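Hi,

Here is the structure I said I would pass on. Have a look at it first, and my notes follow underneath.

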Amino acid sequence: HGSMILFLVVVLLLFAGLELTFGVVGLWLEDVQQVEVGLLGVFTAIGAVGELVGSGFVVAVGDRIGKPRTTAIGLVSCAAGFAWLGIAPSLPLALVGLAVGLFGSETAIVAAIALASEVDPQRRGIFLSRMVAASSVSRALAGAAGPMILLRSGIGTNTAISAVLALLAV
């Protein structure tokens with residue numbers, strides 16, 4: 001049960017960090033960066049490419065280097081990307097951080113799902129259900145906190161917290 005609890009803590013940290021930043025990026029782009037609503041689709045596509053590359057990375061190397069290492073690479077990439085998003089000197093460079101952060105989070109999520117199916121093979125269904133519940137709880141709490149943090153402190157605080165949570169999850 002110890003490894004199951006530890007894994008669920010990793011899931012809580014990962015999804016909370018992801019939601020604190022990704023959940024407010026649209027608001028930040030529109031209100032703070034003055035990006036027109038029509039261009040938000042372009043930024044969404046950048047994020048989707050990052051996620052697609054993250055999923056492809058897991059497929060390409062996950063079994064070869066191992067699911068725990070792949071998950072760790074994802075978490076560190078997520079932390080680096082979100083940290084850069086918060087301190088980047090320009091919007092285009094911030095979007096690089098967003099893409100790297102989403103690559104990392106997708107890598108960590110996909111690898112973690114594969115890893116979760118191996119933690120307790122006898123109770124795989126129960127464990128995966130707990131993983132989804134943990135992610136939902138953390139996303140709900142972080143989703144409520146994210147906009148408040150953004151409006152009070154700016155995107156740099158959201159991204160810094162996200163980066164710290166991702167590193168704690170490693």
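Let me start with a contact between charged side chains: Lys 67 and Asp 63 form a salt bridge, with 3.2 Å from N to O. Bear in mind that this is a predicted model. The two partners sit in contrasting surroundings. Asp 63 is exposed, at 68% relative accessible area, whereas Lys 67 has 18% and so counts as buried, the cut-off being under 20%.

Lys 67 also has a second partner, Glu 118, and that salt bridge comes out at 3.0 Å, again N to O. Here the lysine belongs to helix H4 and the glutamate to helix H5, so this pair ties together parts of the chain that are 51 residues apart in sequence. Glu 118 itself is partly exposed, with a relative accessibility of 44%. Put together, Asp 63, Lys 67 and Glu 118 make up a salt-bridge network.

How many salt bridges are there in total? The count is three. The one I have not mentioned yet joins the side chains of Glu 19 and Arg 139, at 2.9 Å from N to O. Glu 19 is in helix H1 (residues 2–22) and Arg 139 is in helix H6, so the bridge links parts 120 residues apart in sequence. Glu 19 is buried, at 15% relative accessible area, while Arg 139 is partly exposed, at 39%.

Now to the helix packing. The axes of H5 and H6 (the latter being residues 124–153) come within 8 Å of each other and cross at roughly 140 degrees. Is that antiparallel or oblique? Roughly antiparallel needs an angle over 145 degrees, so the two helices are classed as oblique to each other. As for handedness, the H5–H6 crossing is right-handed.

One more thing, on the surface this time. Trp 84, Ile 87, Leu 93, Val 96 and Val 100 make a nonpolar patch of about 430 Å². Helix H4 (67–87) and helix H5 (91–119) are the elements that each give two or more residues to this patch. H5 supplies the largest share, with three residues. Ile 87 is in helix H4, and at 64% relative accessibility this isoleucine counts as exposed.

If you open the model, I would go to the Asp 63, Lys 67 and Glu 118 network first, then turn to the nonpolar patch around Trp 84 and its partners. Tell me what you make of them.

Cheers

How values were computed. Residues are numbered from 1 along each chain as its sequence is written. This is a predicted model: local features need pLDDT of at least 70, side-chain atom pairs count only at pLDDT 80 or more; totals for chains, interfaces and linings use all residues. Side-chain values use heavy atoms; hydrogens and water are left out. Patches are made of residues with over 30% relative accessible area and no salt bridge: like charges are joined within 9 Å, nonpolar side chains (Val, Leu, Ile, Met, Phe, Trp, Tyr) within 5 Å. Accessible areas come from the Shrake-Rupley method with a 1.4 Å probe; for residues, only the protein chains shown count as cover. A salt bridge is a side-chain nitrogen of Lys or Arg within 4 Å of a carboxyl oxygen of Asp or Glu. Helices (H or I, at least four residues) and strands (E, at least two) are DSSP runs, numbered from the N terminus. Buried means under 20% relative accessible area, exposed over 50%, partly exposed in between (1.4 Å probe, protein chains only). Axes are lines fitted to C-alpha atoms, for helices over the stretch in contact, and angles run from 0 to 180 degrees between N-to-C directions. Angles under 35 degrees count as roughly parallel, over 145 as roughly antiparallel, 65 to 115 as roughly perpendicular and the rest as oblique. A crossing is left-handed if the near helix is turned anticlockwise from the far one by less than a right angle, and right-handed if clockwise.
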